[in-house]
Every structure is written in structure tokens, then in C-alpha cells.
Amino acid sequence: MGSQIDLLQGTLDLLILKTLVLGPMHGWGIAQRIQQVSKEVLQVGQGSLYPALARLEQKGWIGAEWSTSDNNRRAKFYSLTRNGVKQLEKEMGEWERLSAAIALVLQQS
Amino acid sequence: MNIFKRLWNATKKNKLENELNAEMRFHLEKEIEENMARGMSAEEARRQALISFGGVQQTRESLREVQHGRFWDSLVQDVRYGARMLRNTPVFTLVAVLTLALGIGANSAIFSLIDAVLFRPLPVSDPKNLVFLEWHSLQRPQTHSYRSFGDCEDDTDGPRPNGCSLPVPFFRDLQSKSGVFSHVAAYTGHERLDLSGNGPARIVYGQFVSGDYFGTLGVRPHRGRVFLDNDDTPEAPPVAVVSYAFWQSTFGGSESVIGKTVRLNGQPFAIIGVTEPKFEGLTMGGRNDVWVPLTHHRAVVPQWTAKQDAMDSYWLIVIGRVKPEVPVTQAQAGASLLYRNDMLEGAKPIFKSEGQPEIKLVAAQHLGAAKDQILQPLYILLLFVGVVLMIACANVAGLLLARSAVRQREMAVRLALGAKRGRLIRQLLTESVMLSAIGGALGLVFGVWGVRVLLAMVGAGDENPPQISPHIDWTVLAFTAGISVLTGIIFGLAPAFRASAVSLTSSLKAGGGAASAGAAGRQRRFTAGSTLVSVQMALAILVLVVAGLLVRTLGNLKNIDPGFDTRSLLLFAVDPRMAGYKGAHVDNLYHQLQEKFAALPGVTSASYSQVPLLIGSLSTTSFRKPGTPRDSKEEVECDELPVGPNFFTTLRIPFQIGRDFTVADFSVTATNDSEIPGSVPTPVIVNQFFVQKFLPSTNPLGQTFADNPIPKGDGKKDPGYQIVGVVANAKYSGMKREVHPTLYSPNASGSAFFELRTATDPNALIPTVRNLVTHENPDLALFRISTQIQDIDNQMTGERLTAQLASVFGLLALGLACMGLYGLLAYEVTRRTREIGIRMAIGAQAGNVIRLVLGRTMVLVCVGAVIGIAGSLGVARLLKSALYGVKAGDPLTLLAVLLLLGLVAMLACLVPARRATKVDPMVALRYE
């Protein structure tokens with residue numbers, strides 16, 4: 001599976017929000033997507049995924065709806081809300097500033 | 001997150017749980033599918049999926065935490081765990097719950113009484129906007145007569161006079177002119193009336209009310225109808241409305257009561273209605289049997305001779321409802337304007353304009369002057385039960401502290417497993433609040449029961465007991481719940497902090513638990529426990545000393561010598577004026593009755609006086625100082641009591657010099673009291689104190705002095721007074737009041753209360769007396785029947801109740817404090833078993849061991865005692881008005897309390913101390 005990196009606290013929320021920009025997705029799909037896009041570096045276990053989804057739902061950044069997936073199975077689909085879009089923009093901005101700052105420090109030495 | 005959403009989530013827990021499971025299952029299935037797509041066997045795919053999935057239960061837990069909120073979920077958990085802990089230690093739980101139940105129950109009981117007095121529900125519709133009018137001024141009103149019936153504390157003489165009796169013309173003006181009230185009504189009395197025409201004559205209590213009285217209150221009839229405006233007109237036929245209770249008791253609830261005619265003080269009235277059961281009048285403490293239109297007042301109560309329609313006769317209580325659209329301040333200003341106009345601009349102004357008379361509107365709920373009298377002892381008792389509850393708290397805190405040692409290992413394990421300290425404190429606090437909640441629930445039961453006992457004690461032997469009907473309402477429930485939770489937090493906080501502050505390594509390493517806990521922890525815990533013992537002792541002493549002072553007060557009151565023989569004295573009243581007697585016939589009847597009573601077998605002697613002694617009634621008079629020239633303006637004041645023949649012999653007040661009144665004396669007085677006074681001075685008998693104060697160096701017999709004020713020059717002469725006898729000092733209105741200079745005059749006042757000195761039990765004579773009176777005239781009613789002893793007891797009801805309850809609570813406090821002491825010592829001995837064993841093994845004697853165990857505790861008890869005594873000095877000073885004949889630092893009380901406390905504390909120490917000396921060194925050493 002290659003080497004994996006533990007997600008930083010709080011970054012999972014950002015990744016979920018970013019992933020949902022593509023459209024409604026169920027939990028497993030979100031985990032798979034993050035895994036694929038990060039080239040298997042970022043593994044999202046269900047143990048952190050579902051609590052994170054529940055938290056985002058409570059905050060009103062994502063919405064959830066039961067509907068039918070492929071093979072006619074019922075699954076819970078998550079999608080971005082308008083607040084979620086705003087939050088995503090905010091968090092991306094913050095992330096960019098943070099990573100730029102860290103990069104600056106690391107290049108110095 | 002929104003707290004409601006969390007609660008909502010918690011309620012639909014099942015649905016969420018199902019969705020959660022479905023979502024997880026879906027995830028797992030997709031994972032398996034994916035694995036199989038990668039070429040794994042079905043079984044392997046499933047295994048791998050489960051491995052990568054991780055702990056399902058953990059996920060559920062953390063999801064639940066997000067969804068229901070951590071707080072509610074862990075609260076449920078805490079409660080469940082707490083319940084298990086309390087079940088596991090039944091003895092501890094029982095003791096703690098009972099202690100708390102006693103403390104909380106006592107508070108609930110007293111509070112429900114205060115609640116019932118303060119927030120008495122008025123038996124009328126929409127009581128909130130019902131007001132009564134209270135006048136205020138900076139000047140004494142120049143009224144010709146002023147009548148009040150205890151509806152409020154009328155004060156016409158103070159620096160800021162005020163009251164709630166008002167004159168008829170003002171009431172009429174208010175009705176017709178003010179425009180701010182939707183309803184205005186007036187009433188007077190809680191008047192004693194002689195009801196005849198329905199079996200033997202009897203005394204009832206009634207009010208005279210304006211036509212729209214019931215309409216204003218919104219009181220509806222239970223049978224028949226209530227008054228309308230036109231019932232209160234002179235030409236209307238006389239009608240009456242009776243109360244439900246009176247209808248039941250006197251007419252047996254018969255339907256035929258409507259239309260029945262009865263006579264009130266001889267005047268016929270047709271009963272037209274029965275009020276709703278809950279309504280017996282507006283004023284607290286005044287239960288009424290009958291209501292009559294105001295217009296009949298003059299005919300029914302002819303003895304009140306004032307000009308009833310005059311502006312300077314204040315005698316009506318005025319109530320009203322402010323129009324909904326008018327603000328209260330505006331209504332008040334409107335009423336004040338009218339009042340000022342009536343009082344200042346009339347032919348005979350009642351106030352000068354600098355008196356600034358005004359009207360205040362007061363919620364009708366506050367009617368009733370008896371309120372403060374009832375509240376004062378209740379506030380004292382609330383203080384008491386408050387302290388008892390504090391002791392109960394300290395006690396349970398002590399128990400929890402001792403237990404925290406036992407639970408140290410549990411705490412250490414939980415900390416080691418990653419529990420945060422705050423979480424542990426919360427867990428422990430949940431347990432203590434659970435304890436106090438159970439205690440509070442049980443306390444409410446105790447409280448309900450306690451209130452019944454209390455009321456039975458107050459009401460015993462009272463002719464017209466205060467109408468308090470405490471019930472468990474929301475205020476009481478909220479109060480109980482509030483103090484329960486507060487209590488739980490107060491007694492739980494310190495032990496919780498202590499218990500959760502464990503040193504991990506030492507606690508976990510030491511296998512034996514309590515006995516070998518870390519040395520530092522032990523020292524600190526002991527300090528906390530010992531502080532609690534000192535606090536409990538101090539509080540117990542505080543309560544006991546105050547209780548002792550109150551008991552001493554009661555004893556002092558009981559031992560007061562009233563100056564006459566109070567035993568075997570039957571008292572009752574007859575008022576012939578109510579049966580239609582007039583003028584000289586009234587006093588003649590009194591004389592005849594007095595002679596007939598005196599001749600009854602079993603009666604030693606009989607007399608009467610204008611008011612009975614020692615029931616709180618008092619009249620005073622002023623006159624020109626005896627021994628000064630007739631034109632001197634020096635006036636003095638003394639108590640005055642008009643009495644009948646043989647009064648001093650009957651009461652056994654000894655004569656010092658001079659003689660008793662003769663028949664001639666009574667006719668002289670009657671003449672002098674009439675429109676045309678005679679020239680012979682009124683003969684009077686004075687008490688010893690009168691002579692000491694006003695005539696110290698002369699022979700008092702034959703001395704004359706003038707009345708004050710001397711009747712103005714309309715041809716009337718002042719015959720003055722002449723002293724014919726001097727008697728020993730005797731108390732007049734009450735036991736507590738010092739003897740004042742007193743003047744006894746022949747009673748020609750028209751009012752009489754009889755006193756019969758009996759050879760045997762006074763109560764046995766009541767039927768004979770009743771027969772005699774009925775035989776004299778069937779319209780005559782006997783009322784206010786009692787013995788002198790009962791009257792004295794009744795006057796002390798408040799003091800007796802306070803003293804008794806204070807003693808009960810004081811002993812309760814002592815008991816609780818000693819339980820706390822015992823608990824601490826017992827714990828101390830258990831904890832130090834090994835140490836004691838070692839000491840004994842190397843030669844310590846029993847005495848040394850006892851000193852070791854008790855020494856420090858005794859110091860603590862003494863410290864507590866000193867603090868308690870100091871505190872009691874302060875508190876007793878606050879209660880000064882409730883004390884009689886004892887001072888705050890009464891040495892006898894202090895000594896008694898200290899002795900009692902020392903004795904009980906010794907007993908509490910005895911068992912643990914003996915156990916300490918019985919420690920077997922071998923067992924103790926093997927113990928761990």
C-alpha cells in the first residue's frame with residue numbers, strides 16, 4: 001500500500017469538503033476518492049470518517065440524504081451546503097497560508 | 001450545537017442507531033466488493049474489509065458523541081454509574097439520604113408556610129389586578145372616628161401616618177368621578193353579630209359590603225344570587241348572603257336556606273345566596289359567615305354612633321379594579337387627586353395641605369395585618385432549618401470524604417485509563433446530586449407531613465386560627481429542587497476535588513487500599529474532615545444556644561406573675577346591644593347577670609370588665625396630673641379599665657387601702673358619662689404604680705384630678721375623678737407588657753366580658769352559664785368563651801411554637817453533628833489500625849491510645865464550640881425582639897448547651913475510642 005501519512009487534525013474536514021465539490025457522494029465513495037487522488041498516501045479509516053461526517057453535518061456544512069446507489073442499494077449521500085462552500089473557501093485559504101508559512105520556515109534552515 | 005437539537009437527537013436515538021448501522025453495513029459491503037474485484041476470495045475479501053474497517057463499536061461511540069452531544073450522553077452514563085455505586089453501598093446511601101431528607105424536608109416545610117402566607121392565592125377571579133386603596137400622609141388625620149378590622153396595619157399616630165380605612169363620601173366620589181377604575185367596591189368589618197331566628201342565638205362574623213362587592217371580586221354564588229347594586233339602597237328589602245362553610249355547618253347545606261329569614265343583632269334579613277366554597281373574605285385571618293349590604297350597617301351596629309356618612313369618619317376598606325388600558329401609576333394619581341380634593345377642600349379639612357395626603361394602590365393579596373405577626377417566627381425558623389441543612393451537608397460531605405479513601409484505587413485506575421480529572425469530578429458530583437435529589441424527594445414527603453404537624457400545633461385552641469393553607473405548588477417544588485441540587489453541589493464539591501486528586505503511582509502500587517494511602521493525601525484528607533467537624537459543632541451550638549434562649553423566653557413568660565390568680569377563671573362575653581337592648585338597660589342587664597352568675601353553685605364570685613385581661617386589648621386615657629392646680633396644663637397618661645362590681649375580689653387583686661366600688665359609684669359614672677354630667681367626681685380605683693408615679697408623697701385616698709381635655713365651654717362641667725381605693729399592680733393587656741399606672745373605673749361603657757371565679761373546673765360550668773343566659777333572653781348569645789389560662793396560652797402560641805420547633809431542630813442539629821463526629825472518629829480508627837497496633841506492640845497503654853485518637857478531635861470540638869458561641873452571640877442579638885428576660889450571652893443557656901454537647905460528643909467518641917483500645921497488635925500488623 002505504500003507509505004501512509006496520518007492526517008493532521010482538522011485536515012480531514014477540509015479534504016471531505018473539497019471532495020464533495022464534485023457532487024453528492026456516500027461515505028465509502030469519499031474515502032475511496034481521497035485515497036485515489038492522494039495516490040494511496042492518505043488513508044481515511046471509517047473510524048475517523050463517519051464521526052467527521054456527522055460533525056460536519058451538525059455544523060450545517062454538508063447535508064445528507066438517503067438515496068439509491070448503484071446495484072439498487074440504499075446509501076447515505078452527502079453533499080455540500082452553501083455554508084459548506086463558504087467554509088471550504090475559508091479553510092483552503094487558511095491551509096494555503098499555513099503550508100506556505102511552513103514551507104518558508106523549512107527552506108530557511 | 002443547539003442544545004435542543006441534541007436533546008431531539010437523544011429522543012430519536014433508535015432511528016439514528018438504525019441509520020448508522022445501515023451506513024456502516026453499506027460501507028463494509030462496498031469494501032468487500034472492492035476487495036473481490038481485486039481478486040480476493042469472498043472470505044479473504046471479507047476478512048480484509050473487517051481489518052481495515054477497524055473497531056465498529058468505537059466508531060459508534062464517537063459518532064454518538066457527536067450526534068447526541070457529549071454532555072447528555074455522558075450524563076446518562078454518570079447517572080447509571082452513580083446509581084450502581086449508591087446501590088453497592090446501601091448503608092452509606094441510606095444514612096446520607098435520610099440526613100439530607102431531614103435537612104431538605106425541614107426547609108421545604110417552613111418554606112411552604114412562608115409561601116402560603118406571602119403568596120396567598122386570593123379566592124377571587126383575576127386576583128392580579130385587584131387593588132385596595134391605602135392613604136398616606138405626613139400628618140395625623142383630623143378624623144372624628146376611625147375604625148379598622150385588621151385589614152392592614154393602620155397607623156394614625158406615627159411620623160408617617162397611613163391606613164386603609166376611608167370615609168363614605170370619598171368612596172362615592174371614587175365610584176362616580178375617578179374614571180380610572182372599572183369597578184370600585186367597599187366593605188367594613190369582620191363584625192361580630194348575634195344571629196337569631198335559627199335555633200338558639202349564636203355569634204357569627206360578618207361584613208357590610210357595597211352593592212358591587214361580589215361583582216368587583218368576581219365571586220359567584222354557589223346557590224341563589226349575590227348582591228346587585230340595588231340591594232345596597234335604603235329602600236331595598238334587607239337581604240344577606242352566607243358563606244358555603246356556614247351554610248353547611250348551620251343550615252346543613254339545605255336548599256331551603258334561600259328565602260329564609262334570620263335576625264342579625266335583631267334586624268331581619270332574608271338569605272338570598274350562598275357564596276362559592278373557596279370564598280370566605282379577602283383578608284387573611286378573617287373568615288366570614290355572612291355578608292349584608294352596607295346600607296344596613298347603621299341599623300345592625302347602632303352602638304357605633306359616629307356620623308357614618310361624614311368625611312371625617314374613616315371606616316371603609318375600598319377595593320377596585322383598574323381599567324385594563326390605564327397604567328397603575330395613572331390610576332394612583334387619579335385616586336390621589338380625588339382624595340386630596342376631598343380631604344383638603346371640604347368644609348372641615350381632614351389634613352392641612354402640607355400633610356400631602358395621597359393614595360397608594362396596593363395588591364389586594366397584601367390585605368391582612370396579621371401577616372407580619374405570623375411571618376416573624378417563620379423567618380426565625382427558616383434560619384434554623386437553614387443551619388440544620390448546612391450541618392446535614394457537612395455531615396454527608398464527611399461521609400463522602402471518608403468514602404473517597406476507599407475509592408482511591410478506583411479513581412487511580414480511571415485516571416490511568418485516560419479519564420480526565422474534570423470528568424471524574426463531574427462523575428462524583430453527579431453522584432452527590434443524585435443523593436441530594438433522592439433526599440429532596442423524600443424530604444418533600446417529610447415536609448408535607450411536617451407542615452400538617454406544624455399547623456396542628458399553631459391552630460390548637462385558637463378560636464379563629466390564621467387561614468394558612470400550604471400546599472405543594474410550583475414555588476415550593478422549585479424551592480425544594482433548587483436547594484436539593486445546590487446542597488448536592490455544596491457537599492459534593494470538596495470531596496470530589498479531593499477524591500480525584502490522587503497520586504497515581506502510590507495508589508496503584510499499594511495493594512491494601514485505604515490504610516496505606518499516600519502520607520500527604522492522608523494528612524490533607526484529615527484536615528478537610530476535621531474542618532467539617534468544627535463547622536458542624538459550631539453550627540450545632542449556634543442552633544442550640546438560640547433554641548435555649550427561646551425556651552428560656554417561654555419559661556420566663558410562663559413564670560411572669562400577672563398580679564392576679566389566673567387559675568379557675570372562666571371568661572365569656574354577652575352583648576345585649578346585639579339583642580336590641582339600649583341605654584341604661586344594657587348596664588342593668590350586666591348587673592343582673594353578674595348577680596345571677598355569682599349565685600350559681602360552683603361559682604365563688606363573678607364580675608365583668610370592659611375587656612378581658614391578658615388577651616391583647618388595651619385602652620388608655622389621659623388626664624391632668626393629680627396633685628397639681630386645676631388650671632394646670634400638665635397632662636399624664638395611664639391605662640384605663642372600666643370594671644364591674646367585685647372585680648378585684650373575683651380576680652384576687654388585693655386592696656392596699658380604700659374600698660371597692662359600690663352600687664352608687666356605678667350610677668355616678670353613668671351620669672357623668674351621659675350627655676349632662678353631674679357634679680360628683682367619678683370614683684376610681686388606681687394601682688400602686690399609679691400612686692408611686694403621680695402621688696408619691698400624699699395620701700392618695702380622696703385625691704381628685706381633672707379630665708383631659710376639659711370639655712369645652714358648652715355648659716358642660718368636668719366632674720373629674722376621685723380616688724377611692726388603691727390595689728396591687730396587675731398586668732393588663734399581656735404578659736410581656738410591663739405594668740403601667742392603671743386607673744379602674746366603674747363600667748358603664750355598654751361592653752362587658754364576664755369573669756367567673758369557680759370552685760372546680762371552669763369548663764364544666766359552661767353549659768350552666770349558657771342555660772342561664774338563654775333563659776334570661778333567647779336572643780342573647782354567649783361568645784368568646786375561654787379560661788384565663790387558655791387565653792394566656794393562646795397569647796404565647798407564637799413563642800411556644802418557635803421555642804418547641806427550635807428545640808426540635810436544635811436536637812436534630814446536635815444529633816447530626818454527633819453522627820458526623822462519630823463518623824470521623826470511626827474512620828480515623830479504622831485508618832490508623834496498623835499504627836495503633838504498632839504502638840501497642842511497643843508498649844502503649846489504652847490511655848495513650850485514647851489520647852492519640854481523641855486528642856485532636858477534642859481540640860476540634862472545642863474550636864467549633866468557641867466559634868459557635870461567638871456566632872450565637874451575634875445571632876441572638878438579631879433576635880432580641882423575640883427574647884424576653886434573657887440576654888444574648890445568657891450564661892445558664894451557654895452552660896447547659898455546652899454540657900449537653902460535651903456529653904453527647906463523649907458518647908459519640910466512646911465507641912470508636914473503645915474499638916481503638918481493643919486493637920489486637922498481631923491482627924493489626926498482619927492486616928496488610
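This presentation describes a two-chain structure, from the smaller features of chain A to the cores of chain B.

Good morning. The structure before you is a predicted model, in which local features need pLDDT of at least 70 and side-chain atom pairs count only at pLDDT 80 or more, while totals for chains, interfaces and linings use all residues. Residues are numbered from 1 along each chain as its sequence is written, and chains are lettered from A and ligands numbered from 1 in the order in which they are written.

I begin with chain A. It contains 4 helices and 3 strands; here helices are DSSP runs of H or I with at least four residues, strands are runs of E with at least two, and both are numbered from the N terminus. Along the sequence the pattern reads α-β-α-α-β-β-α. Of its 109 residues, 28% count as buried, a term that requires 20 or more other C-beta atoms within 10 Å of a residue's own, with C-beta atoms placed from the backbone.

How are the strands of chain A ordered in their sheet? The sheet is open, has 3 strands in the order β1-β3-β2, and its pairing is antiparallel. Strands pair if DSSP finds at least two bridges between them. Since β1 (25-26) and β2 (62-68) of chain A are at the edges with a single partner strand each, one side of each is left without a neighbour in the sheet. Between β1(A) and β3(A) there are 2 bridges, and A:His26 has A:Phe77 in β3(A) as its bridge partner.

I turn next to the meeting of the two chains. In total, 15 residues of chain A are in contact with 16 residues of chain B, where contact means C-beta atoms, placed from the backbone, within 7 Å. Which element supplies the largest share of the side of chain A that touches chain B? That element is α3(A), with 7 residues. On this side of chain A, α2 (27-37), α3 (46-59) and β3 (74-80) each supply at least two residues.

In chain B, strand β23 (residues 742-746) is mostly covered, with 5 of its 5 residues buried. Strand β18 (residues 635-643) of chain B pairs with β23(B) in the parallel sense over 5 bridges, and B:Glu640 is opposite B:Leu743. The pairing of β20 (residues 682-687) of chain B with β23(B) is antiparallel, over 2 bridges, and there B:Ile685 is opposite B:Tyr744.

I come finally to the nonpolar cores, each a set of buried Ala, Val, Leu, Ile, Met, Phe, Trp, Tyr and Cys residues joined through C-beta atoms within 7 Å. The largest has 95 residues, and those touching the most other members are B:Val388, B:Ile391, B:Ala540, B:Val543 and B:Ala813. Helix α12 (residues 370-406) of chain B gives the most to this core, 20 residues. Why does this core lie between two domains? Domain 2 (73-122 + 374-517) and domain 4 (522-566 + 791-928) of chain B both give residues to it, so the core lies between them; the domain bounds come from an automatic or database domain assignment. Leaving aside neighbours within four places in sequence, the contacts of B:Ala540 include B:Ile391, B:Ala813 and B:Leu901. A second, separate core has 94 residues, among them B:Val180, B:Leu193, B:Phe246 and B:Val257.

Thank you for your attention.

Technical notes
A residue is buried if 20 or more other C-beta atoms lie within 10 Å of its own, exposed if 12 or fewer, and partly exposed in between; C-beta atoms are placed from the backbone.
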